[in-house]
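Please open the structure in your viewer and keep the selection tool ready. We will go from one selection to the next, pausing at each to see what is there.

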Amino acid sequence: MQKSFLLYFIITLVGILFIGRLFQLQILKGANYNPIKNAAVKVAFDFPERGYIYDRNGKLLVANQLSYDVMIQPNQVKPLDTLEFCSLLKINKEDFLKRFKKAESYAPYLPSVFLKQLAKEDFAFLQEKLHKYVGFHIQKRIIRNYPIKSAANVLGYISEVDENKARNSEDYEQGELIGKGGVEVEYENYLRGTKGKIYLHKNRFNKVTGSYKNGILDTLPENGKDLTLTLDIVLQEYAEKLMKGKRGGIVAIEPSTGEILALVTAPSYDPNMLVGRKRSKNSVILFNDTINMPAYDRGLLAAYSPGSPFKMMNALIGLQEKVIDEETSFYCHHGYRYGNRKNEFMGCHCGIVGRPIKLQTAIAKSCNSYFSNTFKRIIEKNNNPSEGVTNWHNHIASFGLGDYLRYDLPAGSPGLIPTGKYYDDRYKYTWNGSTIISNAIGQGEVLTTPIQLANFTAAIANRGFFFTPHILKKVDNKSIENPKFTTPKKTTIDTKYFTPVVEAMREVFISGTGRWSQVKGIDICGKTGTAENFTRVNGVKEQLPDHSILVAFAPKDNPQIAIAVFVENGGFGSTIAAPITSLLIEKYLKGEISKANKYREQRMFNLSLQNIYDKQIPKPLEIASGTK
């Protein structure tokens, strides 16, 4: 009887243990179990459509097209006719072995890309014979297509996810595409969507026998969201055309919203170059070009001396600090002397000698002497240059200069607006306003990017505030409501001080340095600029032709566009930057260029500075030859 009881007890105990173990495997661990690691399960991915991208007026900028990748799961590959398979894929045996080893080292139980982006005709031919090659299959993917060959720096591109991210991410598999650069990476989470997964059961002969667990784990794909950008592609294309044969950056902003209307870097490239099987070859060409740098976004990254447009900043600070007013006048004797030495003289080309110069004339004629006197008063206001520079810096920082603007694009540069500590460390406390007088005219240590200057101009257009520049306007046709972009940022300058500066900027295009670039019917307010720059060619410091600069907004009342134009080595601001600016403003506000300005337009289209750029290319050092 006891033996019978013991037997029943053991059987019951074993049964409980089995049930407990099954409960642990099926229920407790089942939720976290990854069926991909099961050799009897095949997973098929259903990739979603990546979101489309449109400009502010609904013009399609980025679309999708189908691509076909040959996938491999190494632990399922059976012996095969390698030569025939290589012939089908148009690769050699060495390449086959290299690709197989790479896939095996990545993860033998996971599918990965063996050969990406087959041509359509190759796909059709291979598909008929692929059943002979166990462990290989075709995966359809979505790649990009750019109907308009413009704005590559804004849009970015997509590229294969790196192995480390694929291995450590639940969202990406090896061979998937991910946003790189521009909008594609900044808004990857909106654009990528969610891929669907279909789990299939296989028998011991590696044939699919049906759905795994009746499809309860399967998921449907969710397409990415469509984005509408603030960009005006007509203006963007026009600006790029005007910059052909030139280097530099252009940024245009809508002052009332901070929306970026155009963001141009020159030279640039056709975004379709980074699509398809030629992407790798083209990326090497584009990203390794250290002379033209077409992949370098000068609009966001290039930090230039701002030149004369910076005089307006010093004018505003001078007014706010009450070291000048509208009636304050200075004399100009062909420049400004800031020391007793022969080289301690800053020349000026304003052309006004022997009579007092007031603020409006000083801006309109770009008088270096006026702004050198103003700057010295600002810095030495309380007989403490270090405190004076820090106070000056804080005013400038309120316009978004000297730091990242926090816009919604991944590239950026803070530029440089020095502080008192900067100069204390540099000159060991033995300095004054004259030591750093070049900052008075936007030279010296001050550095700004085109987008910073465009934003500074928008703040003037708004008479004292700005909205953080941004490129995203709508998601799935719904306007974004992000306080970061919709909350105005107030500068430290009182509104009343902007009026005389705006009037002076208008005078620039009436009687000043921009008068030859007027547009009938449009009140343009702006400031031309010329910035010196140097480089080293074969180790020798050489002065190059000046950069041509202009900032402007229009119209004067209820402004709709603020713009900054930098043309590297373009000379005076009035010769290249000014006509380009006026053409862009006319194009945006009127939709077309008037007959009266067609000659100006054609001159800018045809103007190339390539011969100047070619002179800057370092030449190989010549080695003297001879006989012993």
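Where is the place of Ile324? Select this residue, and you will find Ile324 in the loop between α12 (310-320) and β13 (335-337). Keep in mind, as you look, that the model is predicted. Ile324 counts as buried, with a relative accessibility of 5%, and the limit for that word is under 20% relative accessible area. If you now add Asn57 to the selection, you have two residues that are 267 residues apart along the chain, and their C-alpha atoms are separated by 45 Å.

Next, select the helix α12. Eleven of the eleven residues of α12 are buried, so the helix is largely enclosed by the rest of the structure; among them are Phe310, Met312, Leu316 and Gln320. Just after α12, click on Lys322, which takes a positive phi of about 60°.

Now move to the strands. Select strand β3 (residues 60-72) together with β5, and you will see a pair that runs in the antiparallel sense over ten bridges. To follow one of these bridges, pick Asp69 and look for its partner in β5, which is Gln139. Strand β5 (residues 136-145) is itself mostly covered, since seven of its ten residues are buried.

The aromatic rings are the next stop. How many aromatic pairs does the structure hold? There are 23 aromatic pairs in the structure, and we can begin with Tyr68 and Phe123. The ring centres of Tyr68 and Phe123 are 3.8 Å apart and their planes meet at 10°, so this pair is stacked. Tyr68 belongs to strand β3 and Phe123 to helix α4 (residues 120-129), so the pair ties together parts that lie 55 residues apart in sequence. Are Tyr68 and Phe123 buried or exposed? Both Tyr68 and Phe123 are buried.

Then select Phe85 and Tyr133, whose aromatic pair is tilted, with 4.7 Å from centre to centre and 50° between the planes. This pair, too, links distant parts of the chain, for Phe85 sits in helix α2 (residues 82-89) and Tyr133 in the loop between α4 and β5, 48 residues apart. Phe85 counts as buried at 0% relative accessibility, and Tyr133 is buried as well, with a relative accessible area of 3%. Widen the selection to Phe85, Phe96, Phe100, Phe114, Tyr133 and Phe136, and you have a cluster that is linked by ring pairs.

Rings can also have a charged side chain over them. Select Lys195 and Phe45, where Lys195 lies over the face of the ring at 5.5 Å from the ring centre. Then select Lys241 and Phe605, where Lys241 lies over the face of the ring at 4.4 Å from the ring centre.

For the next stop, select strand β20 (residues 540-554) and strand β21 (residues 561-567), which pair in the antiparallel sense over seven bridges. Ser548 has Val567 in β21 as its bridge partner. The two strands, β20 and β21, form a hairpin with six residues between them, and in the turn Asn558 has a positive phi of about 55°.

Finally, select helix α20 (residues 577-590) and helix α21 (residues 598-606), which pack at an angle of about 120° with their axes 10 Å apart. The helices α20 and α21 are therefore oblique to each other, and α20 passes α21 in a left-handed crossing.

Conventions. Residues numbered from 1 in each chain as written. Predicted model: local features only at pLDDT ≥ 70, side-chain atom pairs only at ≥ 80, totals over all residues. Heavy atoms only, no water. Buried < 20%, exposed > 50% of the residue type's maximum accessible area, 1.4 Å probe, protein only. Helix = DSSP H or I, 4+ residues; strand = E, 2+ residues; numbered from the N terminus. Pairing = 2+ DSSP bridges. Phe/Tyr/Trp six-rings, centres within 6.5 Å; stacked < 30°, edge-to-face > 60°. Lys NZ or Arg CZ within 6 Å of the ring centre and 35° of its normal. Axes fitted to C-alpha atoms, helices over the stretch in contact; angles between N-to-C directions. Parallel < 35°, antiparallel > 145°, perpendicular 65-115°, else oblique. Left-handed = near helix turned anticlockwise from the far one by under 90°.
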